[in-house]
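Subject: Structure with ligands 3 and 4

Hello,

Here is the structure for your files. My notes on two of the ligand sites follow below.

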Amino acid sequence: MFKMSFWLMVFSVCCFMTPSPKGEVRGIVFGLVCFFVCLWSFLEITTSSQYNDSIQAYAAGAVEAAVTSQLIYKHWMNTLMGYCGPFTTQSGYCERLKAFITTNLQWVQEQIEKQPSSPYWYQVRLALLQLKGLEDSYNDQLSFPTGPLCINPFGFLLFQLSGDLEDLESALNKSSQIRPLGSGSCSALIKLLPNNKDLLVSHDTWSTYQSMLRIMKKYMFAFRVSPLGSLSPAFSSYPGAIFSGDDFYILSSGLVTLETTIGNSNPALWKFVQPSGTVMEWLRNIVANRLAVTGKDWAEIFSKYNSGTYNNQWMIVNYNHFTPGKTDIKGELFVVLEQIPGQIVYTDKTEELLKKGYWASYNIPYYEDIFNASGCNELVEKFGPWFSKDQNPRAQIFRRNQTAVTDVDSMIRLMRYNNFKEDPLSKCEGCIPPANGENAISARSDLNPANGTYPFGALKQRPHGGTDMKMTSYWMFRDYGMMAVSGPTWDQVPPFQWSASPYTDLLHMGHPDTWAFKPIKVCLGFCWKILMCVSLHCVSIE
Ligand SMILES: *[C@@H]1O[C@H](CO)[C@@H](O)[C@H](O)[C@H]1NC(C)=O
Ligand SMILES: *[C@@H]1O[C@H](CO)[C@@H](O)[C@H](O)[C@H]1NC(C)=O
Ligand SMILES: *[C@@H]1O[C@H](CO)[C@@H](O)[C@H](O)[C@H]1NC(C)=O
Ligand SMILES: *[C@@H]1O[C@H](CO)[C@@H](O)[C@H](O)[C@H]1NC(C)=O
Ligand SMILES: *[C@@H]1O[C@H](CO)[C@@H](O)[C@H](O)[C@H]1NC(C)=O
């Protein structure tokens, strides 16, 4: 604790709602208290420019682990315990993965040393220092690294690599893989309200139900070498992760960035997944958020050193180019990027957004080049139009229902919509029974019967679905505001309950039994400071 208090001095950590005499303890106490009220914990970390950038980054990680260690422990147990651990049955794959990660870290380290004045590698180094601080502090082994960074390949790096691993498993021939065929990961909708009254941006994470311990985070770094983009991101995140992972970010640059996963179904492309010359997706994502001023900048920076892992459709909304009520928008409002191994395509899609009034994203590539190259034609041939851009159930539901979105409430209703038993668009050809809980904006795969017949993995019964909803608007984003719901949808279907589900034996430490929570207004900006820091006596540790 003595060592820790030195590092804590670097910060004013403002963590949370409940008053508590001890700063270090409060985060944890709050995490539990809030958890049962709103299912989100909140974390804000502010660093001071009195300290050099390296210390700020390392200490930011150290402080985060100190205040969230219990959540980190539970989240590790729920989601990563045993992953390439001592009792793994996947030792061949794990050896290959370890070699891959180690070589990649080495290559990254070399670039950092070779190019000390590059803003890109400078931010990569700070992000790795933050990760190092997080892990050292959790293990109670704080020691500011002065030489090259030594990162444990199977430590907290795995929390950051969760998306990258989906593809590394395929590229490195893991025999049983996380991702069933066609498994969706996230829905997103960007909706221009009639007469350009507002621009709403929303995202549903789709994931395993074991990953539902959540933290809303806001970082405020005061790096002396300050990039032009944003050092103050607000984002939905997880214990132990220093980026979003969902992904959903509100940035001080005026950008809102988000993605849904498109994956890669063409095995011939895995040869582009190499440990040298590449930067893993989670790092490219952090660096692009920090350095980019415009959507195009963001896409350019993110495209460098494509790892071919965590292959996503990214949407970059630039609110600097939006004024409510004004209809003569020139462009630069909206950029869409798609990544697969060996290839990235991005263009400005402002015109299409203005023309159609919305952009929907549902795990299927938009760009024909990407669609073709990643093996989607073969999927359509083999399994039918479910895999096509226009006929996928969510494409059709978004198309039909987006016209009814006129305000924040109707947007939330659509993003939480799952009426699979009644809605004809949720029907699955070739499934018995035909109604399928996956075929909705917010999936509930747990509700598909175990003894059903399904043409491919994604449609089976699984502990998987939409696990949250986040939404921001022109009026909210400027103060880091959003609406957020945690847990699977229960608007038209019964709430998910661990003990009544087929998954009661899956580890879900720290979860409530029944997930039935309403949307809350989250504000991580000025209003939050007033509410949390002043009226509720959140003490600064100085
Ligand atoms: C930052 O400060 C620490 C502690 O004083 C020092 O060890 C380190 O070399 C400094 N880093 C840089 C990049 O100046
Ligand atoms: C994975 O398997 C394919 C096909 O058997 C092979 O060509 C490739 O080299 C393997 N990759 C690795 C990393 O072992
Ligand atoms: C993609 O594939 C479709 C179907 O095979 C073909 O008609 C189309 O020309 C291809 N487009 C591109 C850009 O390769
Ligand atoms: C979506 O459209 C269907 C069919 O019109 C309707 O029954 C349903 O209520 C709509 N859902 C939402 C959330 O608007
Ligand atoms: C699946 O199980 C349910 C209830 O356990 C039963 O009613 C139904 O007939 C079964 N369906 C099939 C196809 O076996």
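Helix H10 (residues 368-373) contributes three residues to the shell around ligand 3, the most of any element; helices are DSSP runs of H or I with at least four residues, strands are E runs of at least two, and both are numbered from the N terminus.

This is a predicted model, in which local features need pLDDT of at least 70 and side-chain atom pairs count only at pLDDT 80 or more, while totals for chains, interfaces and linings use all residues. Residues are numbered from 1 along each chain as its sequence is written, chains are lettered from A and ligands numbered from 1 in the order in which they are written, and side-chain values use heavy atoms, with hydrogens and water left out.

Ligand 3

Glu368, Asp369, Asn372 and Asn377 surround ligand 3 (a heavy atom within 4 Å). Two of these residues are polar, two are charged and none is nonpolar. A polar side-chain atom of Glu368 is 2.7 Å from a nitrogen atom of ligand 3. Oxygen atoms of the ligand lie 2.4 Å from a polar side-chain atom of Asn372 and 3.1 Å from one of Asn377. The protein covers 36% of the 370 Å² of accessible area that ligand 3 has on its own (Shrake-Rupley method, 1.4 Å probe).

Ligand 4

Around ligand 4 are Arg400, Asn401, Arg413, Leu414 and Tyr417. An N or O atom in the side chain of Asn401 is 2.6 Å from an oxygen atom of ligand 4; for Arg400 the corresponding distance is 3.3 Å. Of the 360 Å² that ligand 4 exposes when taken alone, the protein buries 51%.

Regards

Conventions. Polar contact = N/O pair within 3.5 Å; in protein donor to acceptor, adjacent residues only side chain to side chain. Nonpolar A, V, L, I, M, F, W, Y, C, P; charged D, E, K, R; others polar.
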